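User: I'm new to reading protein structures. Could we go through this one together, a step at a time?
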Amino acid sequence: MWDRLSLVGPTFPCGTDFPVGRSAAEIDQETDSKVGPTQFPNGLMRKMNSALKGKRVCVTGGAGFLGRCVCDRLRRADVADVFVPRSAEYDLTNSCAAVAMLEAARPDVLIHLAAEVGGIGANRRNPGRFFFANLSMGLNVIEAARRRGIEKLVLVGTVCAYPK
């Protein structure tokens with residue numbers, strides 16, 4: 001999808017006018033230096049692939065809804081290894097488990113997507129439980145990554161938004 005996205009229409013979110021029918025790759029080459037790569041999906045993907053090539057990446061929550069897509073994209077980006085810790089083996093609400101996970105994975109890059117989830121009903125019935133568990137995981141992962149000197153840490157936050 002990202003490899004050949006066409007931008008059709010008079011404007012793009014940054015407000016720059018683009019001729020109809022030009023590919024994102026063409027536009028990206030021309031404009032990356034002017035407004036930055038994050039405005040253009042193809043440029044961002046090329047830079048991501050280049051930055052991650054040969055890296056060991058750990059993706060917490062890599063078996064989840066978003067995580068599976070992220071891991072698939074990482075594998076296509078020519079990374080050296082994608083490590084997906086499972087909650088049964090690493091309870092990230094425990095700081096020692098977060099340290100053990102990083103010792104096992106030895107990542108250059110850590111993407112934290114893991115969360116305790118249960119759907120809207122469960123979140124409404126037990127908001128404190130989910131908030132505390134997810135906050136604990138985040139803090140433990142951040143601190144373990146800091147102490148280990150992880151090159152890059154990406155944190156993703158979300159809310160339970162289905163069905164509305």
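User: Let's start with one residue. Which helix does N140 lie in?

Analyst: Keep in mind that this is a predicted model. If you look for N140 in it, you'll land in helix α6.

User: Is N140 buried or exposed?

Analyst: A residue counts as buried when its relative accessible area is under 20%. N140 has a relative accessible area of 15%. That value is under the cut-off, so N140 is buried.

User: Which residues is N140 in contact with, leaving aside its neighbours within four places in sequence?

Analyst: With those neighbours set aside, we're looking at contacts from elsewhere in the chain. One of the partners, A98, belongs to the buried residues of helix α4. The full list for N140 is L92, T93, N94, S95 and A98.

User: Which residues of helix α4 are buried, and how wide an arc do they cover around the axis?

Analyst: Helix α4 runs over residues 95-105, and its buried residues are A97, A98, M101, L102 and A105. They sit on the same side of α4, because the arc they cover around the axis is only 135 degrees.

User: What covers the buried residues of α4?

Analyst: Both strands and a helix turn up here. The cover includes β1 (56-60), β2 (81-83), β3 (109-112) and α6 (127-148). N140 lies in that last one, α6.

User: Which residue caps the N-terminal end of α4?

Analyst: Look for a side-chain oxygen that lies 2.7 Å from the backbone nitrogen of C96. At the other side of the story, just after α4, R106 takes a positive phi of about 50 degrees. The oxygen at the N-terminal end belongs to the cap, N94.

User: Now for V156. Is V156 buried, partly exposed or exposed?

Analyst: You'll find V156 in the segment after β4 (152-155). Its relative accessibility is 38%. Partly exposed covers the range between 20% and 50%, so V156 counts as partly exposed.

User: What distance separates the C-alpha atoms of V156 and I111?

Analyst: Along the chain, these two are 45 residues apart. V156 also touches L66, H112 and L113, not counting residues up to four places away in sequence. As for the C-alpha atoms of V156 and I111, they are separated by 7.8 Å.

User: Stepping back, how many helices and strands does the chain have?

Analyst: Reading along the sequence, you get the pattern α-α-β-α-β-α-β-α-α-β. The secondary structure comes to six helices and four strands.

How values were computed:
Residues are numbered from 1 along each chain as its sequence is written. This is a predicted model: local features need pLDDT of at least 70, side-chain atom pairs count only at pLDDT 80 or more; totals for chains, interfaces and linings use all residues. Side-chain values use heavy atoms; hydrogens and water are left out. Buried means under 20% relative accessible area, exposed over 50%, partly exposed in between (1.4 Å probe, protein chains only). Helices (H or I, at least four residues) and strands (E, at least two) are DSSP runs, numbered from the N terminus. The arc is that of the directions from the helix axis to the C-beta atoms. Contact means heavy atoms within 4.5 Å. A polar contact is a pair of N or O atoms within 3.5 Å; within protein, one must be able to donate a hydrogen and the other to accept it, and residues adjacent in sequence count only if both atoms are side-chain atoms.
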